[in-house]
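Work through these exercises with the model open beside you. Try each task before you read its solution.

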Amino acid sequence: MGEFTQEIHGVVITFFSTASAVGKTLISTNMASELARQGKKVCLLDFDLQFGDVSNYLQLLPQRTVYDLQQAMNRQGSTVRAEEYLTPYEYQNVVFYVLAAPERLEEAYNIEADKAVEMVRRLQNVFDYVLVDTTSTFSRLNLALLNLSTIVSFLGIVDFIPTIKNMKIGADTLKKLDYDKNKIRLILNRSNAKTRISIDDVEKLLGEPFYHILPNDFQAASRSIKEGVPLVLRSGHTELGDALRDLVARYTNRVYDEPANMDVSAAESWLTRIFG
Ligand SMILES: Nc1ncnc2c1ncn2[C@@H]1O[C@H](COP(=O)(O)OP(=O)(O)O)[C@@H](O)[C@H]1O
Ligand SMILES: [Mg+2]
């Protein structure tokens with residue numbers, strides 16, 4: 001039973017926030033690209049099931065989606081190879097794989113949290129990194145994803161008071177889930193956008209400093225989306241592209257603890273305890 005007989009599991013990084021349009025998809029597509037550029041085997045799961053943007057950001061036309069994978073799992077159980085339901089993203093020599101969000105709303109509505117968890121676990125056996133893009137709610141699915149993640153990138157922007165209030169609720173809730181301290185990484189996006197609220201004040205309110213800060217660069221961000229090429233893969237430097245690369249460097253220089261192993265119903269009872 002030494003280290004040599006242990007199964008290798010890919011690192012799961014989930015991108016989460018309590019407000020929408022804070023950069024989850026922009027950052028997750030760039031992290032997937034940068035890790036793949038470094039030679040890692042990477043997949044990116046679009047679990048923003050109803051309004052997922054990953055395929056749009058990367059200009060992919062997926063033949064199969066998370067819905068098809070769930071259907072196959074229901075039919076064939078453990079014989080399904082999840083990796084066959086992924087769509088490759090390729091740019092020059094860089095390749096990573098995307099599990100696309102369902103095409104239709106009713107399909108999205110019918111994805112089950114337990115099945116989604118099983119998908120992540122299976123893909124963890126095949127990939128070095130499984131990145132998970134999510135929505136901005138403490139849903140049953142998201143809680144399950146937060147639980148099984150190695151790292152949770154909790155993203156926020158400082159714009160209006162309500163956004164900050166929700167960031168505080170989110171950060172406090174994540175703390176109460178009692179994960180390993182290194183698991184939750186607070187990331188501030190669009191840091192130098194025009195605002196009257198100081199980052200210092202927000203850090204005081206949250207009770208801890210931001211792990212990483214990304215600059216605001218609307219032009220670079222929108223150009224990369226329009227062209228379907230993440231910033232870190234484009235030639236020429238942008239401040240935002242450099243900051244995204246730095247973020248990946250910080251993530252990959254760490255030794256990770258094993259993720260907490262909690263099932264969906266346990267996660268749910270946690271939430272009931274917190275909010276109940
Ligand atoms: N650092 C940034 N600077 C400027 N614009 C950004 C930055 N990060 C994200 N954006 C823009 O903000 C919008 C929302 O980003 P997105 O990644 O789709 O958010 P989310 O996935 O959290 O809803 C997009 O139009 C994107 O181009
Ligand atoms: Mg998104």
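**Exercise 1. Contacts of the ligand**

Which residue has a polar backbone atom 2.9 Å from an oxygen atom of ligand 1?

Solution. Keep in mind that this is a predicted model.

Step 1. Look along the backbone. The residue is G23, with a polar backbone atom 2.9 Å from an oxygen atom of ligand 1.

Step 2. Turn to the side chains. T25 has a side-chain N or O atom 2.9 Å from an oxygen atom of ligand 1. N216 places a side-chain N or O atom 3.3 Å from a nitrogen atom of ligand 1.

Step 3. Check the cover. Ligand 1 exposes 560 Å² when taken alone, and the protein buries 87% of that.

**Exercise 2. The shell around the ligand**

Describe the residues around ligand 1, by place and by class.

Solution.

Step 1. Find the nearest ones. The shell has 17 residues, and A21, L26, Y57, N189 and D217 come nearest.

Step 2. Find the helices. Both α1 (24-37) and α9 (218-227) give the shell at least two residues each.

Step 3. Sort by class. Nine residues of the shell are nonpolar, five are polar and three are charged.

Step 4. Take a second look at A21. A21 sits in the loop between β1 (11-17) and α1. Its phi is positive, near 60 degrees, and A21 is not a glycine. Is A21 buried or exposed? The cut-off for exposed is over 50% relative accessible area. A21 reaches 64%, so A21 is exposed. That value counts protein chains only as cover.

**Exercise 3. Salt bridges**

How many salt bridges does the model have? Examine three of them, and one network.

Solution.

Step 1. Apply the rule: a side-chain nitrogen of Lys or Arg within 4 Å of a carboxyl oxygen of Asp or Glu. The count is 13 salt bridges.

Step 2. Take E84 and R81. Their side chains form a salt bridge, with N to O at 2.9 Å. E84 has a relative accessible area of 43%, so E84 is partly exposed. R81 has 46% and is partly exposed too.

Step 3. Take E106 and R104. The closest N and O atoms of this salt bridge are 3.0 Å apart. E106 is partly exposed at 45% relative accessibility. R104 is partly exposed at 46%.

Step 4. Take D114 and R140. Here the closest N and O atoms are 3.5 Å apart. D114 belongs to helix α5 (residues 113-124) and R140 to helix α6 (residues 140-148), so this salt bridge ties together parts 26 residues apart in sequence. D114 is partly exposed, at 43% relative accessibility. R140 is partly exposed, at 35%.

Step 5. Look for shared partners. E34, R37, D242 and R245 are joined into one network by salt bridges that share partners.

**Exercise 4. A hairpin**

In which sense do strands β3 and β4 pair? Then describe the turn.

Solution.

Step 1. Compare the strand directions. β3 (residues 87-91) and β4 (residues 94-99) pair in the antiparallel sense, over five bridges.

Step 2. Pick one bridge. P88 has Y97 in β4 as its bridge partner.

Step 3. Go to the turn. Two residues lie between the strands of this hairpin, and Q92 takes a positive phi near 50 degrees.

**Exercise 5. Three loop residues**

For T134, Q59 and P209, give the loop and say whether each is buried, partly exposed or exposed. Use these cut-offs: under 20% is buried, over 50% is exposed, and in between is partly exposed.

Solution.

Step 1. T134 lies in the loop between β5 (129-133) and α6. Its relative accessibility is 1%, so T134 is buried. The C-alpha atoms of T134 and G52 are 8.3 Å apart, although 82 residues separate the two along the chain.

Step 2. Q59 lies in the loop between α2 (54-58) and α3 (66-76). Its relative accessible area is 48%, so Q59 is partly exposed. Q59 also has a positive phi of about 50 degrees, and it is not a glycine.

Step 3. P209 lies in the loop between α8 (199-206) and β8 (212-213). Its relative accessible area is 55%, so P209 is exposed. The C-alpha atoms of P209 and L186 are separated by 7.7 Å, with the two residues 23 apart along the chain.

Note on methods
Residues are numbered from 1 along each chain as its sequence is written. Chains are lettered from A and ligands numbered from 1 in the order in which they are written. This is a predicted model: local features need pLDDT of at least 70, side-chain atom pairs count only at pLDDT 80 or more; totals for chains, interfaces and linings use all residues. Side-chain values use heavy atoms; hydrogens and water are left out. Buried means under 20% relative accessible area, exposed over 50%, partly exposed in between (1.4 Å probe, protein chains only). Helices (H or I, at least four residues) and strands (E, at least two) are DSSP runs, numbered from the N terminus. A residue is near a molecule or strand if one of its heavy atoms lies within 4 Å of it. A polar contact is a pair of N or O atoms within 3.5 Å; within protein, one must be able to donate a hydrogen and the other to accept it, and residues adjacent in sequence count only if both atoms are side-chain atoms. Accessible areas come from the Shrake-Rupley method with a 1.4 Å probe; for residues, only the protein chains shown count as cover. Ala, Val, Leu, Ile, Met, Phe, Trp, Tyr, Cys and Pro count as nonpolar, Asp, Glu, Lys and Arg as charged, and the others, Gly among them, as polar. Two strands pair if DSSP finds at least two bridges between them.
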